[in-house]
Amino acid sequence: DQLIALNEAQRREEYLQLIRSDPPLMELIQRCLKNNPSQRPNAEGILSQLQQAVSRLPPPPAENKLESAVLAKALRREKQGLSEQLEELQRAQERMELAHSIETEQVVCRLVELSTEANGLRSQVRVKQMELETNKSSLNKVIQAKQQENQAKEQEMHTKIQAKEQEIQAKEEEIQAKEEEVQAKIQAKDKETQAKVDAKDQEIQAKIQANYMEIQAKDQEMHTKIQAKEQEIQAKEHELQAKDELKQ
């Protein structure tokens, strides 16, 4: 979040300071983050250095071969897409430079032609000179208009690149927000599950307590019945004993 308020050059310097001092591709990273575009490597050079770095890596463990293959395939696909985008931008710039060069040559040829015609038509020097000045002014306006058009195209391309970077950053923030949302849902689900478990435990404890009290009540009732039965037996024994004494 602190890097967003910086300009492009300052942000690159911040990125370089955040990188540890000894990654395998530190030199390539520094060249790719150069402020001067002419000092950055092209797509072919990046691809070549990446292939060399990959060839120097140790072979992955057997259990990670499938995961490494999938990751390598995804990296190659992403690298190929970036290379194609860089090549397309380079081709567009070359086309613009070629068109500008052709238009400049056409302007020069026209000026030479006009100058030759002016020398051949000495009888109409003054008229031709005025025509030549008019044509020169017109051609200068064309050149200026073309230059402004090229500058506008370059500015448009730069704006698109910045918009693409902002879009990527927005997507990263969106992904982070979704991850936080999922984590919050998981935590809420855990709390809900724990609450249900606690409620179930309390319900089971209440049932156990109720059963225990019911058993105690039945035991007390049984004990009372046994005492009553014993008293009844004792009364019958006393009655029998009394009858025996009367017979005697």
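Biologist: Let's start with Glu-239: which residue does Glu-239 form a salt bridge with?

Modeller: In this predicted model, Glu-239 and its partner both lie in helix H5, 4 residues apart, about one turn of the helix. The closest N and O atoms of the pair are 3.7 Å apart, within the 4 Å that a salt bridge allows. The partner of Glu-239 is Lys-243.

Biologist: Is Lys-243 buried, exposed or partly exposed?

Modeller: Happy to check! Glu-239 is partly exposed, at 43% relative accessibility. Lys-243 has a relative accessible area of 44%, and the class between 20% and 50% is the one in between. Lys-243 therefore counts as partly exposed.

Biologist: How far apart are the closest N and O atoms of Glu-181 and Lys-185?

Modeller: Glu-181 and Lys-185 are 4 residues apart in helix H5, so about one helical turn separates them. Glu-181 counts as partly exposed at 43% relative accessibility, whereas Lys-185 counts as exposed at 53%. They form a salt bridge, and the distance between their closest N and O atoms is 3.5 Å.

Biologist: And which residue pairs with Lys-196 in a salt bridge?

Modeller: Lys-196 counts as exposed, with 54% relative accessibility. Its partner also lies in helix H5, 4 residues from Lys-196, about one turn of the helix. The partner is partly exposed at 39% relative accessibility, and the closest N and O atoms of the two are 3.6 Å apart. That partner is Glu-192.

Biologist: Which residues are linked with Glu-149 in a network of salt bridges?

Modeller: Side chains of opposite charge can pair when their charged atoms come close. Here three residues are joined in a network of salt bridges, Glu-149 being one of them. The others in that network are Lys-146 and Lys-153.

Biologist: How many salt bridges does the count come to?

Modeller: Pairs already discussed include Glu-181 with Lys-185 and Lys-196 with Glu-192. Counting requires a Lys or Arg side-chain nitrogen within 4 Å of an Asp or Glu carboxyl oxygen. The count of salt bridges comes to 13.

Biologist: Good to know. Which helix has the highest confidence?

Modeller: Across the protein, the mean pLDDT is 78, and 76% of the residues reach 70 or more. Over residues 1–5 the pLDDT is below 50, and beyond near neighbours in sequence this stretch has 6 contacts in the model. Confidence is lowest in helix H1 (residues 8–18), with a mean of 65, while a mean of 88 marks the highest, in residues 125–247, helix H5.

Biologist: How many helices does the protein have?

Modeller: From the N terminus on, the elements run α-α-α-α-α. The number of strands is 0. The number of helices is 5.

Biologist: What percentage of the 248 residues is buried?

Modeller: The protein exposes about 21,300 Å², and carbon and sulfur atoms supply 54% of that area. A residue is buried when its relative accessible area is under 20%. Among the 248 residues, the buried share is 8%.

Biologist: Turning to helix H3, within what arc do its buried residues fall?

Modeller: Helix H3 covers residues 43–56, and its 14 residues reach 20 Å from first C-alpha to last, close to the 20 Å expected. Its buried residues are Ala-43, Ile-46 and Ala-53. Seen down the axis of H3, they line one face of the helix, because they fall within an arc of 95°.

Biologist: Which exposed residues does the face of H3 turned away from its buried side carry?

Modeller: Ile-46 is one of the buried residues of H3. The face turned away from that buried side carries three exposed residues: Glu-44, Ser-55 and Arg-56.

Biologist: One last stop: which residues does Leu-114 touch, leaving out those up to four places away in sequence?

Modeller: Leu-114 lies in helix H4 (residues 65–120), and with a relative accessible area of 6% Leu-114 is buried. Its C-alpha atom is separated by 8.9 Å from that of Glu-131, 17 residues apart along the chain. Leaving out residues up to four places away, Leu-114 touches Leu-132 and Asn-135.

Technical notes:
Residues are numbered from 1 along each chain as its sequence is written. This is a predicted model: local features need pLDDT of at least 70, side-chain atom pairs count only at pLDDT 80 or more; totals for chains, interfaces and linings use all residues. Side-chain values use heavy atoms; hydrogens and water are left out. pLDDT is the predictor's confidence in each residue, from 0 to 100. Helices (H or I, at least four residues) and strands (E, at least two) are DSSP runs, numbered from the N terminus. Contact means heavy atoms within 4.5 Å. Buried means under 20% relative accessible area, exposed over 50%, partly exposed in between (1.4 Å probe, protein chains only). Accessible areas come from the Shrake-Rupley method with a 1.4 Å probe; for residues, only the protein chains shown count as cover. The expected span of a helix is 1.5 Å times one less than its number of residues. The arc is that of the directions from the helix axis to the C-beta atoms.
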